[in-house]
Amino acid sequence: MSARPTWKGYLKISLVNIPVKVFPATDAAATLSFNQLHAECQTRIQQKRWCPKCEREIPNTDIVKGYEFEKGRYVVVEEEDMEKVRVESTRVINLEKFTDDTAIDPIYLERPYYLAPDGPVASEAFAVVRDGMEGKAGIGRVALYGREYLVKVQPRERGLIMYTLRHAEEIRSMDGIDELAGVPAKVKSDEVKLARQVMSTFEGEVDFKSYRDEYQDGLRQIIDAKIEGREVVAPEVEAPPKVVNLMDALRKSLDSISAARKKPERVDVRAKKRVRA
């Protein structure tokens with residue numbers, strides 16, 4: 001089934017406006033989700049909207065949005081009021097700044113979306129902008145799901161990818177973490193050298209397809225077993241040994257890696273004999 005866009009508008013760079021569609025780049029359905037049940041009868045729990053003052057359930061038609069400007073005092077904001085907020089980003093992704101695509105600290109990245117041209121007429125201009133942005137990222141704004149986001153747009157394969165960004169005030173400073181105060185600023189150079197040597201043995205390209213969510217896989221196995229009436233025994237997980245001497249631990253790591261690489265591959269002699277016959 002083809003992907004469905006969640007937003008339509010324009011990608012704007014200076015006086016250039018390109019009709020685009022926005023598609024989610026992640027799949028929330030890939031993660032297991034659970035429903036809340038009544039333990040006694042296993043009936044799904046209903047979430048009801050209850051007014052404690054009137055002591056009754058309230059239908060959706062009687063619910064309004066309110067902003068608490070003082071303790072216990074609210075101002076009601078109607079849908080008509082929301083419509084009066086007409087920012088440009090409601091229909092336009094206006095890229096105002098450009099920088100290197102690696103210049104944005106990953107802590108600001110929030111959620112990824114794919115951008116594609118809206119219609120064949122927009123395809124050529126879209127491709128020109130995509131190639132023109134090679135190695136670069138555009139910073140702009142867009143209004144999604146009732147709020148305005150700061151966004152980063154950059155080329156990806158045949159299209160563009162857009163990340164919603166956190167604002168600076170949303171990022172907590174590490175200075176508030178007391179446990180980091182005791183971390184030494186300088187360490188022994190020979191220890192750092194040995195640590196880098198251990199890490200270098202694991203260097204290589206990262207293939208995310210080779211990684212699986214083992215926790216999700218384990219949950220699925222338990223769910224399947226319960227459906228089939230089987231009992232699942234949890235495997236014992238050994239606690240990692242405590243590091244008493246860092247240098248010893250690093251040297252043992254190198255020795256174990258070296259020994260594993262020197263171990264000869266097992267050859268099935270019987271299989272070779274069958275081939276010769």
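Which strands make up the closed barrel, and in what order do they run? The points below take up that question in this predicted model and then turn to particular residues.

1. The barrel as a whole. Seven strands form a closed barrel that runs β1-β2-β8-β11-β10-β9-β7, and the pairing within this barrel is mixed. From one strand to the next, the twist averages 40°. Helix α2, which spans residues 120-132, packs on the sheet and touches β1, β2, β8, β10 and β11, while its direction makes about 85° with that of β2.

2. The β1 and β2 hairpin. Strand β1 (residues 7-13) runs antiparallel to β2, and the two are joined by seven bridges. Together β1 and β2 form a hairpin with two residues between them, and in the turn serine 14 has a positive phi of about 60°. Two of the bridge partners can be named for anyone tracing this pairing by eye: lysine 12 is matched with asparagine 17 in β2, and lysine 8 is matched with lysine 21, also in β2.

3. The other side of β1. Strand β7 (residues 92-100) pairs with β1 in the parallel sense, over three bridges. Here leucine 11 stands opposite isoleucine 93 of β7. The parallel pairing of β1 with β7 and the antiparallel run of β1 with β2 can both be followed in the barrel, whose pairing is mixed.

4. The pairings of β8. Strand β2 (residues 16-24) and strand β8 (residues 109-117) pair in the antiparallel sense over five bridges, and phenylalanine 23 has tyrosine 114 in β8 as its bridge partner. Strand β8 also pairs with β11 (residues 159-165), again in the antiparallel sense, over six bridges. Within that second pairing, proline 112 has tyrosine 163 of β11 as its bridge partner.

5. Lysine 152 and its charge. This residue is found in strand β10, which covers residues 147-156. Lysine 152 is buried and yet has no salt bridge, since the nearest side chain of opposite charge, that of aspartate 101, is 6.6 Å away, whereas a salt bridge would require a side-chain nitrogen within 4 Å of a carboxyl oxygen. The backbone of aspartate 101 is another matter, for its oxygen lies 2.9 Å from a polar atom of the lysine 152 side chain. In addition, a polar contact of 3.0 Å joins the side chains of lysine 152 and glutamine 154.

6. The surroundings of lysine 152. Leaving aside neighbours within four places in sequence, lysine 152 is in contact with Asp101, Ile104, Leu109, Ala137, Gly138, Ile139, Ile161, Met162, Tyr163 and Leu165. One of these contacts, Tyr163, is the residue that serves as bridge partner to proline 112.

7. Leucine 219 in helix α4. Leucine 219 lies in helix α4, made up of residues 214-228. Although leucine 219 and leucine 32 are 187 residues apart in sequence, their C-alpha atoms are 8.3 Å apart in space. When residues up to four places away in sequence are not counted, leucine 219 touches Leu32 and Phe34.

8. Lysine 65 in strand β5. Lysine 65 is found in strand β5 (residues 65-70). Because its relative accessibility is 47%, lysine 65 counts as partly exposed, in contrast with lysine 152, which is buried. The C-alpha atoms of lysine 65 and valine 76 are separated by 5.8 Å, with the two residues 11 apart along the chain.

Terms used: Residues are numbered from 1 along each chain as its sequence is written. This is a predicted model: local features need pLDDT of at least 70, side-chain atom pairs count only at pLDDT 80 or more; totals for chains, interfaces and linings use all residues. Side-chain values use heavy atoms; hydrogens and water are left out. Helices (H or I, at least four residues) and strands (E, at least two) are DSSP runs, numbered from the N terminus. Buried means under 20% relative accessible area, exposed over 50%, partly exposed in between (1.4 Å probe, protein chains only). Lys and Arg count as positive and Asp and Glu as negative; His and the chain ends are not counted. A polar contact is a pair of N or O atoms within 3.5 Å; within protein, one must be able to donate a hydrogen and the other to accept it, and residues adjacent in sequence count only if both atoms are side-chain atoms. Contact means heavy atoms within 4.5 Å. Two strands pair if DSSP finds at least two bridges between them. Axes are lines fitted to C-alpha atoms, for helices over the stretch in contact, and angles run from 0 to 180 degrees between N-to-C directions.
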